[in-house]
Amino acid sequence: MTAPSPAPVAAPARVPFDRKLARAAQTVTSRALGPYQTAIVRIGFSLTWLFFLVREFPHRHEMYGPDGPWSFDLARRLIADNRAFTVLMWSDGRLWFEVVYGLAVAAAVLLLLGWHTRAVSVVFMVGALSLQNRSVFLGDGGDNVVHLVSIYLTLIRCGQVWSLDARRAARRAARGEEGARKVELTGPALWVVLGGFLVAATWFSPVTGEWWIYVLLWVLWLGQGLWWLVEQYAPGEPRVLLDVLANLAHNAALTVLMAEVCLIYATAGWYKIQGSRWQDGTALFYPLHLDYFTPWPALSELLASSGIMVMLLSYGTVIVQVAFPFTLFKRKVKNVLLVAMMLEHAGIALLLGLPAFSMAMIAADAVFLPTVFLVWLGARAARGRDLLLRREPAAAGLPPQRPAREAGGEPGGEADGEAAPRTLVG
Amino acid sequence: MSAHIDGSGDRRPTAGILALSMPYQVVAAVALAAAAVLACLHLAMVFLHVAPSNTVTKQHGQAVDDWIYPEFEQNWKLFAPNPLQQNVSVQVRAEVLSDRDGSRRTTGWIDLTAQDVEDIRGNVFPSHTQQNQLRRAIDWYGNAHDEEGRPKGMRGRLSEAYMRRIVLLRIEGAGARADVGGKVERIQLRRTARPVASPHWSTEKRSTESSSRQMPWWDITDADRSRTETSR
């Protein structure tokens, strides 16, 4: 390292506000915040999209195939106009379609597991965007959330915990110096393959996609290459700088994601307030009588037959949706509303026959779950897995999965809020 | 963390902007500013996109649209301001050239929505092909046509072609849900709206009279089935 660090960016830390500013700058540059929250969002969305793709597998040709009702030619004419990004526009061959669908499924599985998370998250986004943009008139709110979040996830370090990446990092740390020196080939190989795809994508850019998508893809790809080089040959300050940049992108994208969820609820709630049916407390009655949203008519009828129940749920929905963004400043109230919203979505999944939409919304809500709960959940899941596989608890062999940065031996990098997990996990 | 936050502590941070020397710190600070500006700008755009039409969007609506469409498009007016209060269904009748004797006949009305509803009943995970395809196609068709049923530009014509292909998939050929037993030469669509009756506890009187709207007869050309033909 070079000269001693100068005083914080803004000014000498005499005034408390400056100090706060410097501290905030240090926080958002030194850590990728919410490791557990971003991991659960990653798991939630990859699982949702995976369920969806597997469920629609028998219908995939009718939905996204070149010969479906929304044919390749119709899609081509629309996309020439709206410039949406879909690699399915590269060719109208059936083989290419099967490859893309297969890659979308594979990316969902790998993102779920957290295998080379950053690279896979990009493939996940390309898969989701490609299928959805191919047939835009097929989606609903659930597809819409997956679409947005898949873009944001490419900038989020969502594999810090509960991922194969985290396990790999922990093992490398356990092996010490010699482990860290060992060069792994999977990453570079993946990088080269994806580079080939990227060149192809750029070749086809006049056909599909806006310019910024290609900038994003190139920046991510070049960034990965640079990261590898720096890690090998310049592990000092350049490596710290890259980490700072990655943390910045993560924290900015995470903020956007959280605000996006608030906007979803705010929009849904505030527009409802203006509706006469939500005002007179009968709103819920009507969806319960729509043929497209009543897989269990007897159940819907049962719920709809009670005027009081319908009104309570209608009012409750509006109140929760409008209130939620404001409760973020009050932890306890926020958690209560979060539970209410997740339960409501679980109900919607069954009652209105919208499981994919509901799963996506629950996964989005999960970004606001408290760390303590997530760590507890992770510990329970790990114990369940160990029991299931009849093996000794992980604690005996490997250290429990923690943020990769921490596993790397970063001193004092953890906030007080995350001190509790150690005892819970360990 | 606060112990070594101001750089004057005895331990230097090993990560973050304070762990860097001056030139690197400048890069980090610029990146920090860029990330903050970009995030705020994006959120402002998304906000203006989902907000009602207002002073800003009236003046800068194009800039917002350019930023948002197509990848960040979103609509969260879920059952809002009011939930849909009618069941919309689509029927079709077709002029068919019979496979067996080459005669030409017109079928009765075939209820395509009823097929969807039948598939959705008792289904824990309805497919988008059952729940969204026809429902959203007819919705889009309505939005892409004016009051007199004339298509609005390219999207209007695309929505017609889309409807024709959806219909053909469902009524023509051995794999079709309601095979008409021949080559479809012309089709006519009918959109029926049946209002949901008011709740029994409500004093409000709502008409539950269905209203239908017929679309013109459309000729089926090879373009409407070209590719579906090869895939069968």
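**Exercises on a predicted two-chain model**

In this predicted model, pLDDT stays under 50 over residues 1-9 of chain B, a stretch with 18 contacts beyond four places in sequence.

**Exercise 1.** State how far the confidence of chain B as a whole agrees with that stretch, and find another such stretch.

Solution. Begin with the whole chain: chain B averages a pLDDT of 91, and 93% of the residues score at least 70. Next, look for low values: residues 228-232 of chain B also stay under 50, with 8 contacts beyond four places in sequence. Where pLDDT is low, the coordinates should not be read in detail. Finally, the scores for the model are ipTM 0.92 and pTM 0.90.

**Exercise 2.** Describe the side of chain B that touches chain A.

Solution. Count the residues: 81 of chain B are in contact with 82 of chain A. Then assign them to elements: helices 1, 3, 4, 5, 6 and 7 of chain B each supply at least two residues. Helix 1 of chain B gives the most, 17 residues. Sort by class: this side of chain B has 49 nonpolar, 22 polar and 10 charged residues.

**Exercise 3.** Describe the length, bend and packing of helix 15 of chain A, residues 307-327.

Solution. Start with length: helix 15 of chain A has 21 residues and spans 29 Å between its end C-alpha atoms, close to the expected 30 Å. Now the bend: helix 15 turns by about 25 degrees at A:Q321, and the proline A:P325 follows within four residues. List the buried residues: A:V310, A:S314, A:T317, A:V318, A:Q321 and A:F324. Last, find their neighbours: these buried residues pack against helices 12, 13, 14 and 16 of chain A.

Technical notes: Residues are numbered from 1 along each chain as its sequence is written. Chains are lettered from A and ligands numbered from 1 in the order in which they are written. This is a predicted model: local features need pLDDT of at least 70, side-chain atom pairs count only at pLDDT 80 or more; totals for chains, interfaces and linings use all residues. The expected span of a helix is 1.5 Å times one less than its number of residues. The bend at a residue is the angle between axes fitted to the seven residues ending there and the seven starting there. A residue is buried if 20 or more other C-beta atoms lie within 10 Å of its own, exposed if 12 or fewer, and partly exposed in between; C-beta atoms are placed from the backbone. Two residues are in contact if their C-beta atoms, placed from the backbone, lie within 7 Å. Ala, Val, Leu, Ile, Met, Phe, Trp, Tyr, Cys and Pro count as nonpolar, Asp, Glu, Lys and Arg as charged, and the others, Gly among them, as polar. pLDDT is the predictor's confidence in each residue, from 0 to 100.
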